[in-house]
Amino acid sequence: LFLEVIPTDKEEVAFKDLDIAILVGSMPRREGMERKDLLKANVKIFKSQGAALDKYAKKTVKVVVVGNPANTNCLIASKSAPSIPKENFSCLTRLDHNRAKSQIALKLGVSANDVKNVIIWGNHSSTQYPDVNHAKVNVKGKEVGVYEAIKDDSWLKGDFILTVQQRGAAVIKARKLSSAMSAAKAICDHVRDIWFGTPAGEFVSMGVISDGNSYGVPEDLLYSFPVVIKDKTWKFVEGLPINDFSREKMDLTAKELAEEKETAVEFLSSA
């Protein structure tokens, strides 16, 4: 299956006729770096890459942005590639999704594969909202709700959320760099689901354009939602009830994304 690697610094070579683009080439976040500093440095990168996609890639290309701040970098790339549908752009929140599954699995002493339908709402940042209100876990052959299985609401609304939100910072503190292998695994999961679809009865988290969502998230944000995928096309999971606790968390991360977008668009005009 693996044919060739073509190392190049020429956009017309790197982006020509792409079916899928995985954009990891951002300035990495380092300990003590503010997100605003990261935004300014990366607007130039993703404006350039978006323009190259627009010029050289197939119009059906699927674009996955990994480099942080991933949501807003993805939005900038999309805005810089007006001839490619906005729906073709997504950013990686699967790493957070996988971390949430793992925390639930560790708590219950089961495999992460036994946990499904966790949700990451919003930004790939410390304001993200890991939501297990709709998640299921297989315990001793029986599928039950995560809240029912764990029976510890204070942990699920407290330490669980904080652990997932702050895991990226914890990794940076430990190794002085962003996560590597777990991020690579998440990219593979994300791309596999785009290409082959999500299993029946399961949904995954993915940062996508918020236009047309039914969850009260403002338009024109790259926001992580629960999605199902079929024929290389994602759709929002509709009709999930949202309680007051969730609403507050979802609005908080949307506010951060709106602020990031405003800052990035200012930088974009001068990039």
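Begin by selecting lysine 116 and lysine 136: lysine 136, in strand S7, is the bridge partner of lysine 116. What you have open is a predicted model, in which local features need pLDDT of at least 70 and side-chain atom pairs count only at pLDDT 80 or more, whereas totals for chains, interfaces and linings use all residues. Residues are numbered from 1 along each chain as its sequence is written, and side-chain values use heavy atoms, with hydrogens and water left out.

**The three-stranded sheet**

Extend the selection to S4 and to strand S7 (residues 136–139), which pair in the antiparallel sense over 2 bridges; strands here are DSSP runs of E of at least two residues, helices are runs of H or I of at least four residues, both numbered from the N terminus, and two strands pair if DSSP finds at least two bridges between them. Adding S8 completes an open sheet of 3 strands in the order S4-S7-S8, with antiparallel pairing. Strand S4 (115–116) and strand S8 (142–145) stand at the edges with a single partner strand each, so one side of each has no neighbour in the sheet.

**The hairpin of S10 and S11**

Next select strand S10 (residues 222–230) together with S11, which pair in the antiparallel sense over 4 bridges. Lysine 230 has threonine 233, in S11, as its bridge partner, and of the 2 residues between the strands of this hairpin, aspartate 231 takes a positive phi near 55 degrees. Show the side chains of strand S11 (residues 233–236): Trp234 and Phe236 point to one face and are buried, while Thr233 and Lys235 point to the other and are not. Buried stands for under 20% relative accessible area, exposed for over 50%, and partly exposed for values in between, with a 1.4 Å probe and protein chains only. In a regular strand, side chains alternate between the two faces of the sheet.

**Two domains and their contact**

Now colour the chain by its domain assignment, which gives domain 1 (11–91) and domain 2 (93–259), the bounds coming from an automatic or database assignment. Their centres, taken over C-alpha atoms, are separated by 22 Å, and the contact takes 21 residues from domain 1 and 27 residues from domain 2, where contact means heavy atoms within 4.5 Å. Between domain 1 and domain 2 about 2100 Å² is buried, 59% of it given by carbon and sulfur atoms; this buried area is the accessible area (1.4 Å probe) that two parts lose on being put together, summed over both.

The count between the two domains is 2 salt bridges, a salt bridge being a side-chain nitrogen of Lys or Arg within 4 Å of a carboxyl oxygen of Asp or Glu. A search of the whole structure finds 14 salt bridges, including the one in which the side chains of lysine 86 and aspartate 211 meet at 2.8 Å, N to O.

**Around aspartate 220**

Centre the view on aspartate 220, which is buried with a relative accessible area of 18%. Its side chain meets that of lysine 79 in a salt bridge of 3.0 Å, N to O; this pair links distant parts of the chain, with aspartate 220 in the loop between strand S9 (204–209) and S10 and lysine 79 in helix H3, 141 residues apart. A salt bridge of 2.8 Å, N to O, also joins the side chains of aspartate 220 and lysine 261. Lysine 261 lies in helix H10 (residues 244–270), so this pair ties together parts that are 41 residues apart in sequence. Lysine 79, at 37% relative accessibility, counts as partly exposed, and lysine 261 is partly exposed at 21%.

**The annotated binding site**

Finish with the UniProt annotation "binding site" (unreviewed entry), which covers Asn42, Val66, Gly67 and Asn68; such annotations, given in the numbering used here with shortened feature names, may be inferred rather than shown by experiment. Although spread over 27 residues of sequence, these positions cluster in space, with a largest C-alpha distance of 11.9 Å.

Asparagine 42 lies in helix H2 (residues 35–56) and is buried, at 0% relative accessible area. Leaving aside neighbours within four places in sequence, asparagine 42 is in contact with Ser26, Met27, Asn68, Pro69 and Asn73. Glycine 67 sits in the loop between strand S2 (62–65) and helix H3 (70–79), and it counts as buried at 5% relative accessibility. Not counting residues up to four places away in sequence, glycine 67 touches Leu23, Val24, Ser26, Phe46 and Asn73.
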